[in-house]
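Dear colleague,

I am passing on a structure for you to look through, and I have set down my reading of it underneath. Please open it alongside the text.

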Amino acid sequence: MASDFRLKESLPELTEQIVATYTADDSINHLGHCPLPSYEAVVNILVDLKDILYPGYRRHTNLHAGNIRYHVGGLVDSLHDQLTVQIGRALQHEHRVKQKHDDCVDQIDFEAKGQAMTIELLKRIVKLRKTLATDVEAAFAGDPACQTTDEIVFCYPGFEAITVYRIAHELVQLDVPFIPRMMTEWAHQQTGIDIHPGATIGDYFFIDHGTGVVIGETCEIGRHVKLYQGVTLGALSFPTDADGQLIRGQKRHPTIEDNVVVYANATILGGRTVVGRDSVIGSSVWITRSVSPGTTVVLEKPQLRVRGSEESKGDSHPELNYQI
């Protein structure tokens with residue numbers, strides 16, 4: 001059936017109606033000559049960084065001692081240029097928002113600031129590789145289904161999310177706005193794992209399976225911590241000021257000390273909540289107060305009730321097994 005061209009004549013009027021909503025006080029448009037950070041560029045930066053962090057595993061597989069220096073040198077040079085531009089744009093936009101002006105001509109050289117931050121991030125790649133190597137080790141030690149460490153780098157969504165988090169966290173520590181959150185939300189889309197870049201996470205960190213894990217901004221996680229799918233490390237409440245506005249910058253999320261295991265779908269909430277070292281948190285528990293070191297927390301004697309089958313005729317019901 002052919003289109004009715006008479007209906008198409010209404011499109012200019014519809015366009016005018018849409019454009020009329022783009023007002024100066026509209027919080028969901030950005031009109032002007034000052035470019036924002038590019039989402040596509042930020043994702044490309046992540047891809048390049050992962051090529052450096054895990055040479056031979058990503059886009060370029062024919063790497064060897066004879067060409068690795070050339071390959072990494074090209075990536076570092078490209079990352080310098082990409083990050084300098086994108087961080088500069090992020091800094092400029094943050095300044096404009098805080099100063100509440102739309103003037104794109106500033107006295108501050110934001111690109112120079114972006115370059116300095118870029119150089120500092122590139123200096124931290126060596127440290128990042130060492131930390132991520134401990135995360136691979138933790139995954140291999142903690143998952144009997146894993147046959148080689150290659151499998152972790154190639155396949156594990158938890159490790160992918162941790163990689164992006166650790167890059168983004170370095171940018172947070174450098175006071176880079178916008179871009180760290182852009183990175184971790186991209187990883188969230190890819191993996192189903194939501195780690196705020198502001199969280200503090202120690203080495204030897206492992207997320208098994210991973211889907212639905214949420215780690216809040218002010219979480220503090222120690223070394224050798226293992227989380228399963230569906231774990232939420234969240235806020236218990238959001239304090240407000242006298243005007244009812246959220247008070248930002250306070251610790252809202254729990255602290256997880258060293259050598260803790262948190263099983264599937266457990267929920268741990270609150271900035272004052274501390275899970276002590278060497279503790280085990282069972283599946284599906286709800287915790288809003290601190291747990292002493294060396295404690296195991298599980299639901300007490302959960303039971304299955306099966307109706308309308310031979311299994312329901314028994315005298316007892318099997319207890320749930322919290323191990324995965």
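What follows is an account of what was found in it, from the overall make-up to individual residues.

Please keep in mind throughout that this is a predicted model. The chain has 324 residues, of which 41% count as buried, and its secondary structure comes to nine helices and 14 strands. Taken along the principal axes, the C-alpha atoms fill a box of roughly 75 × 60 × 60 Å.

To begin with the strands, there is an open sheet of five of them, in the order E1-E4-E7-E10-E13, and the pairing is parallel. Strand E1 (194-195) and strand E13 (286-287) stand at the edges with a single partner strand each, so one side of each is left without a neighbour in the sheet. The partner of E13 is strand E10 (residues 267-269), and these two pair in the parallel sense over two bridges; in one of the contacts between them, Thr 267 has Trp 286 in E13 as its bridge partner.

Just before strand E7 (232-234) comes a loop that connects it with strand E6 (226-227), and Val 231 has its place there. Val 231 counts as buried, because its relative accessibility is 0%. Although Val 231 and Asn 265 are 34 residues apart in sequence, their C-alpha atoms are 4.7 Å apart in space.

Turning to the aromatic side chains, the structure holds three aromatic pairs, and I describe two of them here. Tyr 54 and Phe 159 form a tilted pair, with 5.4 Å from centre to centre and 50 degrees between the planes. Tyr 54 lies in the loop between helix H3 (39-53) and helix H4 (68-99), whereas Phe 159 belongs to helix H8 (residues 157-173), so the pair ties together parts that are 105 residues apart in sequence. Both Tyr 54 and Phe 159 are buried.

Another of the pairs, made by Tyr 57 and Phe 154, is edge-to-face, at 5.2 Å from centre to centre and with 70 degrees between the planes. This pair also links distant parts of the chain, since Tyr 57 is in the loop between H3 and H4 and Phe 154 is in helix H7 (residues 149-155), 97 residues away. As for accessibility, Tyr 57 counts as partly exposed at 26%, while Phe 154 is exposed, with a relative accessible area of 54%.

On the surface, Ile 18, Val 19, Tyr 22 and Leu 31 make a nonpolar patch of about 390 Å². Of these residues, Leu 31 lies in the loop between helix H2 (11-19) and H3, and its relative accessibility of 58% is why Leu 31 counts as exposed.

Finally, a word on the cysteines: how many disulfides does the structure hold? The number is zero. Cys 146, for instance, is in no disulfide, and the nearest cysteine sulfur, which belongs to Cys 155, is 8.6 Å away; a disulfide would require the two sulfur atoms to be within 2.5 Å, so this pair does not qualify. Cys 146 is buried, with a relative accessible area of 6%, and Cys 219 likewise counts as buried, at 1% relative accessibility.

With kind regards

Key
Residues numbered from 1 in each chain as written. Predicted model: local features only at pLDDT ≥ 70, side-chain atom pairs only at ≥ 80, totals over all residues. Heavy atoms only, no water. Pairing = 2+ DSSP bridges. Helix = DSSP H or I, 4+ residues; strand = E, 2+ residues; numbered from the N terminus. Phe/Tyr/Trp six-rings, centres within 6.5 Å; stacked < 30°, edge-to-face > 60°. Buried < 20%, exposed > 50% of the residue type's maximum accessible area, 1.4 Å probe, protein only. Patch = residues over 30% accessible without salt bridge, like charges linked within 9 Å, V, L, I, M, F, W, Y side chains within 5 Å. Areas by Shrake-Rupley, 256 points an atom, 1.4 Å probe, with all protein chains shown as cover. Salt bridge = Lys/Arg side-chain N within 4 Å of Asp/Glu carboxyl O.
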